[in-house]
Amino acid sequence: MSARKTALDALIACRKQAAWSNGILKDYIARDRLDRRDAALATRLCYGVLQHRGMLDFFLQQLLTGKVKDLHPVLRDILHIGLYQIYELDKIPESAAVNESVLLAKKYCRMQRFAPGLVNGVLRNAVRTKGTLKQPSSLEDRYSHPQKLIDLLRTCVGEELLEPMLAANNDTPQTVVQVNTLRTTTEQLIEQLKAEDVTALPHPWMPDCLILGNTGSIEKLDTFRRGLFYVQDAAGKLSVMCAQIPKGESVCVLDCCAAPGGKSFAAAIAMENTGKLRSCDIHRHKTTLIQHGADRLGLDCILVREQDATEAHPHWIDKMDVVLADVPCSGYGIIRKKPDIRYKDPDDMLQLPQLQLRILNRQAEYVKKGGTLLYSTCTLLREENEEVVRAFLAHHPDFYLEPLQLPAVFPENTTGMLTLVPGQYDTDGFFIAKLRRKA
């Protein structure tokens, strides 16, 4: 029951503590000392329930005599875990899904003596009626996205891309990593991973990028510990490629909102570990994380600093060849990795464009004449993307948008801006804008 208990504890923490599932799940897997197999199951259950909660409630309402909303929240979580196994996980025996859920009810619902019997009855009913219940017709129930968010995303991506994007948000995210070409080659790393029983396939369009399978805990792999790769989606790597960072001892680059460090690492490797790359974040514990990553990868051109991206640093003015500004955002492009983002109220994000523009205005001060300011987010909202860029350009006539140099899989770019929508190129949702300061 340990994997299911870990998943349930994570779901409870997400609800009661407003914890993010990816962080709390990692902590609980370590706390419960789960092996590779149980860690994978706990992750699949937690993410699966969060991804399909609306759909699970739609079916649950047909299996109950009362109303779903009247269930105790923990009891509802337990039923979700059981239903997800029955409906979505073919390799788990249905009897195990029922019996283990009943045990969870006995452990977590002691004040509700009826709970184990209810769980047993509902889940056995789910097994009997599997494939015969009414199917969800609305996008809200089918893809478990609140209607308010669906309406918001429709205005950004259009009707044609909307449903494929919602479906992609419920996919199991791939483990995508970038090869540290300063220490190994893609071909060598594939063979080394194979020796660790990890499958590795070359990414279809991003060079020196692999899609891994059967990893277990990545941090425990010898190839990871030796700094032969780092975890980063192809979209994040693409943004660094678009910056076209030069090489040389005199090159200066700033990554102003760097945690967890992927773009800094990609930039340092592109610079061949020469020059200076200042990698900054406002939170001390995150700068420590970046430093550990840089040390593991052997990237000593990275200089880590605790720095608020909105505050001035006079010594950097007009000094940077490239500034990377991957700013805080609503995160609607990474729902498949952080499924609980979909349940946050969009109104809570309304102040973000003001912060993003403040950061962009500040970082522009550091770009030398002829240098590059690369603005990016992991959201799809125009008010955080194109509108921020246009507001910036309206007050900075010395900057202009420069067309992006993209891999052949993409159409030619002439605008200097690109939005990656989940379901299109099998990446995170992402926005990139390349701004050049006039020489």
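Q: In which helix is Val74 found?
A: Val74 sits in helix α5, which covers residues 73-88. Keep in mind as we go that this is a predicted model.

Q: Why is Val74 called buried?
A: Its relative accessibility is 9%. Buried means under 20%, so Val74 counts as buried.

Q: What does Val74 touch, once its neighbours within four places in sequence are left aside?
A: Val74 is in contact with Leu8, Ile12, Arg15, Tyr108 and Cys109. Contact here means heavy atoms within 4.5 Å.

Q: What makes α5 and α6 roughly antiparallel?
A: The axes of α5 and helix α6 (residues 94-108) cross at roughly 170 degrees. Angles over 145 count as roughly antiparallel, and therefore the two helices earn that description. Their axes come within 9 Å.

Q: Which residues of α5 and α6 meet?
A: From α5 come Val74, Ile78, Gly82, Gln85 and Ile86. Their partners in α6 are Glu94, Ala97, Val98, Ser101, Leu104, Ala105 and Tyr108. Sorted by class, this contact has 8 nonpolar, 3 polar and 1 charged residues.

Q: How do you know that helix α13 is mostly covered?
A: Count its buried residues: in α13 (residues 262-270), 8 of the 9 are buried. They are Gly262, Lys263, Ser264, Phe265, Ala266, Ala267, Ala268 and Ile269. After α13 comes Glu272, whose phi is positive, near 60 degrees.

Q: Which residues touch the most other members of the largest nonpolar core?
A: Leu153 and Leu238 do, in a core of 59 residues. Helix α9 (residues 147-169) gives this core its largest share, 8 residues. Apart from it lies another core, of 54 residues, including Ala10, Ala19, Leu45 and Leu89. In soluble globular proteins, nonpolar side chains tend to be buried together.

Q: What does Leu153 touch, not counting residues up to four places away in sequence?
A: Leu153 touches Gly158, Leu162, Met165, Leu166, Tyr332, Leu380 and Leu381.

Q: What makes β2 and β4 edge strands?
A: Each of them pairs on one side only. The open sheet has 4 strands in the order β2-β3-β1-β4, with antiparallel pairing. From one strand to the next, the twist averages 35 degrees.

Q: How do you know that β1 and β3 pair?
A: Pairing takes at least two bridges, and 4 bridges join β1 (residues 175-179) to β3 (residues 209-213). Across this pair, Val176 stands opposite Ile211 in β3.

Q: Which helix lies across β1, β2, β3 and β4?
A: Helix α10 (residues 186-195) does, running at about 10 degrees to β3. Angles under 35 degrees count as roughly parallel, so α10 and β3 are roughly parallel.

Methods. Residues are numbered from 1 along each chain as its sequence is written. This is a predicted model: local features need pLDDT of at least 70, side-chain atom pairs count only at pLDDT 80 or more; totals for chains, interfaces and linings use all residues. Side-chain values use heavy atoms; hydrogens and water are left out. Buried means under 20% relative accessible area, exposed over 50%, partly exposed in between (1.4 Å probe, protein chains only). A nonpolar core is a set of buried Ala, Val, Leu, Ile, Met, Phe, Trp, Tyr and Cys residues joined through side-chain atoms within 4.5 Å. Axes are lines fitted to C-alpha atoms, for helices over the stretch in contact, and angles run from 0 to 180 degrees between N-to-C directions. Angles under 35 degrees count as roughly parallel, over 145 as roughly antiparallel, 65 to 115 as roughly perpendicular and the rest as oblique. Ala, Val, Leu, Ile, Met, Phe, Trp, Tyr, Cys and Pro count as nonpolar, Asp, Glu, Lys and Arg as charged, and the others, Gly among them, as polar.
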